[in-house]
Amino acid sequence: MATVTRVTKIIHHSAIDPSSIFTSCFRNSLVFVCYLVLVLSSNISPSFGLFDENRGSDLYPEILRDEVVARLHQLGGVSDGDGYLERTFMSPAAVRAGNLIREWMEDAGLRTWVDSLGNVHGRVEGRNASAEALLMGSHLDTVVDAGKFDGSLGIISVLAALKVLNINGKLGELSRPVEVIAFSDEEGVRFQSTFLGSAAVAGILPVSALKITDKSDLTIQDALKKNSIEITEENLLHLKYDPKSVWGYVEIHIEQGPVLEWVGFPLAVVKGIAGQTRLKVTMRGSQGHAGTVPMSMRHDPMAAAAEAIVLLESLCKHPQDFLSFDGHCKSFSMESLSTSLVCTVGEISTWPSASNVIPGQHDADAVICDSELSSKLKSATYIGLKRMTGAAIQDEIPVVMSGAGHDAMALSHLTKVGMLFVRCRGGISHSPEEHVLDDDVWASGLAILAFIETQM
């Protein structure tokens, strides 16, 4: 039997680029807010019942669990890093990952293509090709030194559910088209601009974004061209989906927080996604030298690092102190005996309204998930877990807020969105320690299958 392990120690993993530090303000408080919302708004018992070992083959464990887990590990081995996982926008590993995902899409019976921004699409038309389509998916890119589940689970689990329908001869019985999209960039690591892939599909990616450069001075347009994808202003605009052609977007994602472990439940419906502001902070400093600071009063570089941390903490707690009233950046300095630090905070800009895109900046409004999609996801979760346990689920399905950003934020500008969270060990994400239990992977697959079956 699978067991539920409670983790009381939460480990936060982060990687700091010494030249450019990105700070998501209020991150720690969001976890606590999620927990309060959960406790105050639902009737969740402290643990979820053990799974029944006598599960039949009609639950498709070989596809929804074993194959999904194997593919997650396989995709996790596709990396640009030596000994760690890294896939950034249109890197060699990202292209290989896209090709692999395309093979899995075809294995599920989908028609596939790659668009002008590197997004990988797989689609089945169902009984009515002209009906509004259900979009599903997540991102194929990763952070540096990443885990294997972030983004990838939301692609592979959906493909597994569609593969089950295809094997059973039911894929063509869908009442509307279903399209799975593996977005080329959500993390924003290479070009320091998040949601490139989903923003293009939603029609909120400005043309100026094509000229953003990476550390090697290659533009997004150059990176695409190196991979034989010609992107112009005209075909970027053509990437936008007609809102009238889309019924909704659903994303499955690891929770990236500890709430589901706290309550002992494998899945949760997401009520909304918290708004986010990321500011690019560039620091320049110098250590005091002879003639400026007496030798007895000098501090070592560790003192400078400590002062920088204090400065960044202050920035997170009081970002308004570092911005002028019109939202533009301003410089400030912090003088000390050991160092002279000058810190510049980047101007805030948002994809929907930005005429000039500035790398390293990200500002996204909060998103409320659609009540109809959330209701259907909750019902599908009940059905999936009942199939696993062989008994009715007495616990209330958790409903939580997301503190992290997701492609659903960009897609909300196109259509209604819904999300399903999957429990991850210790709430750890963006780290090699990121982990999801095999049975939780299976639970998510059964819930997705039940959700897609509502479209029959």
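**Exercise 1. Ser130 and its surroundings**

Task: Decide whether Ser130, with a relative accessible area of 66%, is buried or exposed, and then place Ser130 in the chain.

Solution: The model is a predicted one, and the classes rest on computed accessibility. Exposed means over 50% relative accessible area, so Ser130, at 66%, is exposed. As to its place, Ser130 belongs to the loop that runs between strand S3 (120–124) and strand S4 (133–139). A further step concerns Ser245, which is 115 residues from Ser130 in sequence, while their C-alpha atoms are 7.9 Å apart in space.

**Exercise 2. An aromatic pair**

Task: Explain why the pair formed by Phe89 and Phe191 is edge-to-face, and state which parts of the chain the pair links.

Solution: The structure contains two aromatic pairs. In the pair of Phe89 and Phe191, the ring centres are 5.9 Å apart and the planes stand at 75°, so the geometry is edge-to-face, given that planes over 60 degrees apart are counted in that class. The pair links distant parts of the chain, since 102 residues separate Phe89, in the loop between helix H2 (61–76) and helix H3 (92–107), from Phe191, in the loop between strand S5 (178–183) and helix H5 (196–202). Phe89 and Phe191 are both buried.

**Exercise 3. Salt bridges and a charge over a ring**

Task: For the salt bridges Glu67 to Arg71, Glu125 to Arg123 and Asp440 to Arg423, give the N to O distance and the accessibility class of each partner.

Solution: The starting point is that side chains of opposite charge can pair when their charged atoms come close. The structure has 14 salt bridges, and the three named here are taken in turn.

- Glu67 and Arg71 are joined at 3.6 Å, N to O, and both lie in helix H2, four residues apart, which is about one turn of the helix. Glu67 is partly exposed because its relative accessibility is 21%, whereas Arg71, at 10%, is buried.
- Glu125 and Arg123 meet at 3.1 Å, N to O. With a relative accessible area of 25%, Glu125 is partly exposed, while Arg123, with 15%, is buried.
- Asp440 and Arg423 have their closest N and O atoms 2.7 Å apart. This pair links distant parts of the chain, with Asp440 in helix H12 (residues 438–453) and Arg423 in the loop between strand S14 (417–422) and H12, 17 residues apart. Asp440, at 1% relative accessibility, counts as buried, and Arg423, at 5%, counts as buried.

A last step follows the shared partners: salt bridges connect Glu67, Arg71, Asp107 and Lys163 into one network. Separately, Arg65 lies over the face of Trp442, at 4.6 Å from the ring centre.

**Exercise 4. A cavity and its lining**

Task: State how many cavities of 30 Å³ or more the structure has, and describe which residues line the second largest cavity.

Solution: Searching the whole structure gives two cavities of 30 Å³ or more. The second largest cavity holds about 40 Å³ of space. Its lining consists of His139, Asp141, Thr142, Val143, Ala146, Gly147, Asp150, Glu187, His430 and Glu434. Sorting this lining by class gives two nonpolar, four polar and four charged residues; in that sorting Val and Ala count as nonpolar, Asp and Glu as charged, and Gly is among the polar residues.

How values were computed
Residues are numbered from 1 along each chain as its sequence is written. This is a predicted model: local features need pLDDT of at least 70, side-chain atom pairs count only at pLDDT 80 or more; totals for chains, interfaces and linings use all residues. Side-chain values use heavy atoms; hydrogens and water are left out. On a 1 Å grid over the protein atoms alone, a cavity is a set of points where a 1.4 Å probe fits but cannot get out, and a pocket is an open set with protein on both sides within 12 Å along at least five of seven lines; lining residues have an atom within 4 Å of a point. Grid points are joined across faces, edges and corners, and a volume is the space filled by probe spheres set on the points. Rings of Phe, Tyr and Trp (its six-membered ring) pair if their centres lie within 6.5 Å; planes under 30 degrees apart count as stacked, over 60 as edge-to-face and the rest as tilted. Helices (H or I, at least four residues) and strands (E, at least two) are DSSP runs, numbered from the N terminus. Buried means under 20% relative accessible area, exposed over 50%, partly exposed in between (1.4 Å probe, protein chains only). A charge sits over a ring if NZ of Lys or CZ of Arg is within 6 Å of the ring centre and within 35 degrees of the ring normal. A salt bridge is a side-chain nitrogen of Lys or Arg within 4 Å of a carboxyl oxygen of Asp or Glu.
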